[in-house]
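Trainee: I should like to request a close look at the membrane-annotated part of this chain, followed by an account of what lies beyond that part. Please explain each step as you would to a first-year student.

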Amino acid sequence: MNKTININLGGFFFHIDETAYQKLKRYLDAIARSLSDDPQGKNEIIADIEARISELLSERITDARQVVNDSDIDEVIAIMGQPEDYAETDEAYTENTTYNRNRKSSKKLFRDGDDKFLGGVCAGIAHYVAVDAIWIRLAFLLLVFAGFGFGIPAYIILWVLLPEAKTTSEKLQMEGEAVNIENIEKKIRDEIGSISSRLKDGANEITDKLSGADYDKIKSQTKSGFQDLLDTLGKILTVLFKVFGKFLAIIFLLVSGIMLVTTVLGVFSVGSFEIISVDSDWFQYPPFFQESILPIWLLTVFFIIVIGLPFLALFILGLRILSPNVKRLNSTASYTLVGLWIVALLGLMFFGIEFATSKAYDGVKVTKNTITINNEEPVKIAFENNNDLYYLPNIKRQNNSMEVFIDDEKFKYSNYIKFTVKKSENENSYVEIIKESEARKKQLAIQEAEKINYNYTIKNNKIVLDAFFLSAYKNLLKDEEVSIVLYLPEDSKVFFENSSKKFLYNIANTDNIYDRDMANHTFQMTKDGLDCIDCSSDSKLNSYDENTDNNWNDNDNNNDVTFLFSSTINNEKAELLINKNTTKKELEKLASWFKNKKNIDIDFSESTFNNNGTIETYFLKVNCNDGFSGTTNKAITINSGEHGFVRNYDQNGSVSFKIW
């Protein structure tokens, strides 16, 4: 049975048995004697050594009621080293046990307050990674000015969470040096020597200034009212900066406090729904969450951590500005929070890359269905919407994506429907449905396209098509569409009802009627496309001049060449020709024709016309949308000859593009 003693070592309270106390006391006395020949900094060295010993004992004492014994003291002495190894004393401390000192120690991350520009974060990291601090500072500046955005919040987080190396032990740990007697004594003596050197240099500088000073000039400057004004202004600015700092701290607290409350609410509402299997009607997860391989609740927590932790750091910073007595988080908590933030950021980066790849490939699924219709009567084309699913006062094609519910299950609703009519290669009529979707792999994209739900019905020689399609809710942000092609044999007739007006797309017809103008008219299928059999002359784009010799498709030309008003479009070239007899209406038809055939934009809006409609001055802008474009240098008065442009698609052509 041993007697125990209560001691205060380095500000910490310990229970220690009498034998261990005597051993520790002899050890500290020996250290004190080893420093007796040079008392400079002796008290500070002893205090740092005691603080280090108390840290080592605290690591070993897990229970406040646990007693420090001989083995604990032996382990501490083994780490700190023997005092006789560094200085000879009259009574060297000796024990029967042989100790091996640890020359190396693992580094710890601190802020370096002795080499700082702002908070000493960069200098502390530089010590940890063993590089010059200038490189770490340059790296932070590059992160800020390169536009990444997280350089400043990362610095603020580290500033708040990392402790500053204040004691000698902490400075040694920051530099990776073993915290023992030798290094503690060396560090303190170096600091004292540095301070002495600076004081000596300062004293010499002051002496030199005093010996060579112009006292009359100094006296006049002292009495200068201007100098007094500057001093007063300096004091005012100092006060203003302090007030501004407090005001800034209040703003930090308000903003970060609101965001933290929102984050906490998110943790207990959004982030917990998936875990406890509770649905929420007031919050909906983004659709792209649905396709992620990571759980939805984990993505939500990642978002909360990445957004919330910087505001937590900002909140603590505001508190510390207002009240310096507010303590920073301990090292364990700081490292844990920084680690969580980095993990969450990496998780969101992985999710972002995953989402980007979900639209990497396009997939197409085509289905063909033979239909039975009465070719003696026009087949009617109509579109209708399901207003119970999603109400639309006017149905039309639009690249939209809406969220709808069917039996409490969410789906994507879209009106991006295209309808066209083509000549059948045989005597049969059939409908071709082309569905397009996106995914991270080609095969997956085809599967997603196949899952698109689109329907139509045929009754009494009338085809009623859905004005919408449905897809999985996870595809809400993907580019998806459905195209319907109706193939009719020659001589068949078709009538487009008014509901189909906004869904007709690029339907070839002999009269070059705009798609939107084909509604409420009957067309007959010919070998050259649809021909309107009930249109007035105003509806036919190619019937402007009954006496013109230039037809849209001249039977004397082969199928690869088409003409309109002396202009030509074929596989080899697109050529626009304008003369003094060309009218404004003809130019409008030509502009539409070139756009439909070759996607060439023609702008003649700055040209002028005579009262009879013929062109007077010619100014043309052309964009072929394939890298070639041009503009006439000025307005040209047309007298004789022809003007226009040519775009040669044949590589053997001498000029690829020319405008004159």
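Mentor: In this predicted model, residues 334-353 are 100% helix and 0% strand, and the C-alpha atoms at the two ends of the span lie 29 Å apart. The span is one of five to which UniProt, in an unreviewed entry, gives the feature "transmembrane region"; the others are residues 117-136, 142-162, 247-276 and 296-322. Such annotations may be inferred rather than shown by experiment.

It is instructive to set another annotated span beside this one. Residues 117-136 are 65% helix and 0% strand, and their end C-alpha atoms are 12 Å apart.

Let us now consider the surface of this part. Seven residues, Y128, V129, V131, I134, W135, L138 and L141, make a nonpolar surface patch of about 660 Å². Helix 4 (121-129) and helix 5 (133-145) are the elements that each give two or more residues to the patch. Helix 5 supplies the largest share, with four residues. As an example from the patch, Y128 is placed in helix 4. With a relative accessibility of 42%, Y128 counts as partly exposed, because that class covers values between 20% and 50%.

From the surface we may turn to the open spaces. The second largest pocket has a volume of about 680 Å³. Its lining consists of 26 residues, and those nearest the centre of the pocket are L118, G119, G120, Y155 and W159. Four elements give two or more residues to this lining: helix 4, helix 5, helix 6 (151-161) and helix 12 (296-322). Helix 4 and helix 5 thus appear in the account of the patch and again in that of the pocket.

There are enclosed spaces as well. The structure holds two cavities of 30 Å³ or more, and the second largest of them has a volume of about 50 Å³. This cavity is lined by I157, L161, L309, L312, A313, L337, V338 and W341. Helix 6, helix 12 and helix 13 (331-357) each give two or more residues to its lining. Helix 6 and helix 12 also contribute two or more residues each to the lining of the second largest pocket.

We may now follow the chain beyond the annotated spans and examine its charged pairs. Side chains of opposite charge can pair when their charged atoms come close. A search of the whole structure finds 11 salt bridges, and three of them deserve attention here.

One salt bridge joins K368 and E432, whose closest N and O atoms are 3.5 Å apart. K368 belongs to strand 4 (residues 361-371) and E432 to strand 9 (residues 429-439), so this pair links parts of the chain that are 64 residues apart. The surroundings of the two partners may be described in turn. K368 has a relative accessible area of 53% and is exposed, whereas E432, with 10%, is buried.

Another salt bridge is formed by E480 and K412, with 3.0 Å from N to O. E480 lies in the loop between strand 12 (469-472) and strand 13 (481-488), while K412 lies in strand 7 (residues 409-415), so the pair ties together parts that are 68 residues apart in sequence. Both E480 and K412 are buried.

The loop between strand 12 and strand 13 also holds K474. The side chain of K474 meets that of E448 in a salt bridge, at 3.3 Å from N to O. E448 is in helix 14 (residues 442-451), and the two partners are 26 residues apart. K474 counts as partly exposed, at 27% relative accessibility, and E448 counts as buried, at 7%.

Finally, the backbone merits a word. Most residues other than glycine have a negative phi. N506, although not a glycine, has a positive phi of about 55°. N520 likewise has a positive phi, of about 65°, and is not a glycine. N506 is found in the loop between strand 14 (493-496) and strand 15 (522-526), and N520 is found in the loop between strand 14 and strand 15 too. At 41% relative accessibility, N520 counts as partly exposed.

Technical notes: Residues numbered from 1 in each chain as written. Predicted model: local features only at pLDDT ≥ 70, side-chain atom pairs only at ≥ 80, totals over all residues. Heavy atoms only, no water. Patch = residues over 30% accessible without salt bridge, like charges linked within 9 Å, V, L, I, M, F, W, Y side chains within 5 Å. Areas by Shrake-Rupley, 256 points an atom, 1.4 Å probe, with all protein chains shown as cover. Salt bridge = Lys/Arg side-chain N within 4 Å of Asp/Glu carboxyl O. Buried < 20%, exposed > 50% of the residue type's maximum accessible area, 1.4 Å probe, protein only. 1 Å grid on protein atoms, 1.4 Å probe; cavity = no way out; pocket = protein on both sides within 12 Å on 5 of 7 lines; lining within 4 Å. Points joined across faces, edges and corners; volume = space filled by probe spheres on them.
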